[in-house]
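New to this one? Here is a quick briefing to read alongside the sequence and the 3D view.

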Amino acid sequence: MLIGSASGIGKSTIASELAKQLNIKHLIESDFIRAVVRGIIGKEYAPALHSSSYDAYKNLRNSANFESYEDLVSAGFDEHASYVIPGLEKIIQRAITDYDDIIIEGVHLVPGLIDLEQFTDYAKIYFFVLSSDEESHKERFVKRAIQIHRGGKQLDFFSENRIIHNHLLHKAEINNVPIINTESIDKSIEQILTIINKSCTNIKLTNDVDELKEVIDIIINKNNGKIEKITYSLKGFKDPLVRDVEVSDYDSAKRFIDNIEKNPSVKEDLNNLYNLSKYREFLICASNNKTIEKIEKELSDKGFVYNE
């Protein structure tokens, strides 16, 4: 399991709790791997490696070629991480050889830079990138900086760490790596366990468009579930309409609902689609079967479940 994020997001806390819940004894921070690599590769050969992730951009030889400060910081960060990643891949390979489960967490886990395809025939690898809104990130960032007694230096680079945060989210999106919001540590862990354990069921629902918000609230917000797919059996059509949605965080679901409410034409189109189908079949996943049963009961109690 790989857990990446910018500094001060909560990856160490989440990784530690996951190790306990999943009984995984090997938990490694990428900072330790960086320290080993620094001992092998000298500063004169890899100045970005011997910098911190947030100020490695200062050592780029082609810094004048970047159009924005954000691009410059991101490029410096990628350069810094690229020296650590071969060590990460060697650790994954060793874990596979020894048939060990392992969690690796750290800022250096960059989607797209780590070659995970080489391991797909030998291990199941789960990769997550953690996110946070700026206010919560800053609060945790300050607390962490004080705890590790490097507050003065790190606090001067919060804006750079925020750039790294956004860069990691962008890399996660284009490489299909799940993004886990860390507003609540417990919810974050539940979302990760939902993806790992993946207890799923198909539930036929008869809610209307105005009730969709309540359906999503029950599945995602209250029970940390995930909606993977929605199937519409349409009147007059032989084949159903299938939509892969992959929604597991409430923020993205809320944006979808807000878009419907703000755009009458979108809402009308969805209403027309609903009118063509007797029910919508949701593929719902959660962290365990007990939660799946709870979701189904709550939806049934609201009268949303279709009874044939």
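**Ser-199 and its surroundings**

Let's start with one residue: Ser-199 has a relative accessibility of 13%, so it counts as buried. Keep in mind that this is a predicted model. Ser-199 sits in strand S6, and that strand comes up again below in both the sheet and the disulfide.

- Setting aside neighbours up to four places away in sequence, Ser-199 is in contact with Ile-284, Cys-285, Ala-286, Ser-287, Asn-288, Asn-289 and Ile-292.
- One of those partners, Cys-285, belongs to strand S9, which covers residues 277-286.

**The chain as a whole**

- There are 11 helices and nine strands in the chain.
- The C-alpha trace spans about 70 × 45 × 40 Å along its principal axes.
- Of the 308 residues in the chain, 46% are buried.
- Take the contacts with a separation of 6 or more: 74% of them are between residues 24 or more positions apart.

**The four-stranded sheet**

- Strand S6 is part of an open sheet of four strands, and the order across it is S6-S9-S7-S8.
- The pairing in this sheet is antiparallel.
- Which strands sit at the edges? They are S6 (199-205) and S8 (241-247), each of which pairs on one side only.
- On average, and ignoring direction, neighbouring strands here are turned by 15° against each other.
- S7 (residues 226-234) and S8 run antiparallel and are joined by five bridges.
- Across S7 and S8, Ile-230 stands opposite Arg-243, the latter being in S8.

**The disulfide**

- How many disulfides does a search of the whole structure find? The search turns up one.
- Cys-200 and Cys-285 form the disulfide, and their sulfur atoms are 2.0 Å apart.
- The link of Cys-200 and Cys-285 is right-handed, with 100° about the S-S bond.
- This pair ties together distant parts of the chain, with Cys-200 in strand S6 and Cys-285 in strand S9, 85 residues apart.
- Is Cys-285 buried or exposed? Its relative accessible area is 0%, so Cys-285 is buried.
- Cys-200 has a relative accessibility of 33%, and because that falls between the 20% and 50% cut-offs, Cys-200 counts as partly exposed.

**Where two helices meet**

- Two packed helices are described by the angle between their axes and the distance between the axes.
- For helix H2 (residues 30-40) and helix H3 (residues 69-97), the axes come within 9 Å and cross at roughly 105°.
- That angle falls in the 65 to 115 degree range, so H2 and H3 are roughly perpendicular to each other.
- On the H2 side, the contact is made by Ser-30, Ile-33, Arg-34, Val-37 and Arg-38.
- On the H3 side, the contact is made by His-80, Tyr-83, Val-84, Gly-87, Leu-88 and Ile-91.
- Sorted by class, the contact of H2 with H3 has six nonpolar, three polar and two charged residues.

**A closer look at His-80**

- His-80 is in helix H3 and is one of the residues making the contact with H2.
- With a relative accessible area of 0%, His-80 is under the 20% cut-off, so it is buried.
- What does His-80 touch, not counting residues up to four places away in sequence? The list is Arg-34, Arg-38, Ala-48, Leu-49, Ser-51, Ser-52, Ser-53, Ala-56 and His-108.
- Arg-34 and Arg-38, both among the residues His-80 touches, are also part of the H2 side of the helix contact.

Note on methods:
Residues are numbered from 1 along each chain as its sequence is written. This is a predicted model: local features need pLDDT of at least 70, side-chain atom pairs count only at pLDDT 80 or more; totals for chains, interfaces and linings use all residues. Side-chain values use heavy atoms; hydrogens and water are left out. Axes are lines fitted to C-alpha atoms, for helices over the stretch in contact, and angles run from 0 to 180 degrees between N-to-C directions. Helices (H or I, at least four residues) and strands (E, at least two) are DSSP runs, numbered from the N terminus. Angles under 35 degrees count as roughly parallel, over 145 as roughly antiparallel, 65 to 115 as roughly perpendicular and the rest as oblique. Contact means heavy atoms within 4.5 Å. Ala, Val, Leu, Ile, Met, Phe, Trp, Tyr, Cys and Pro count as nonpolar, Asp, Glu, Lys and Arg as charged, and the others, Gly among them, as polar. Two strands pair if DSSP finds at least two bridges between them. A disulfide is a pair of cysteine sulfur atoms within 2.5 Å. Buried means under 20% relative accessible area, exposed over 50%, partly exposed in between (1.4 Å probe, protein chains only).
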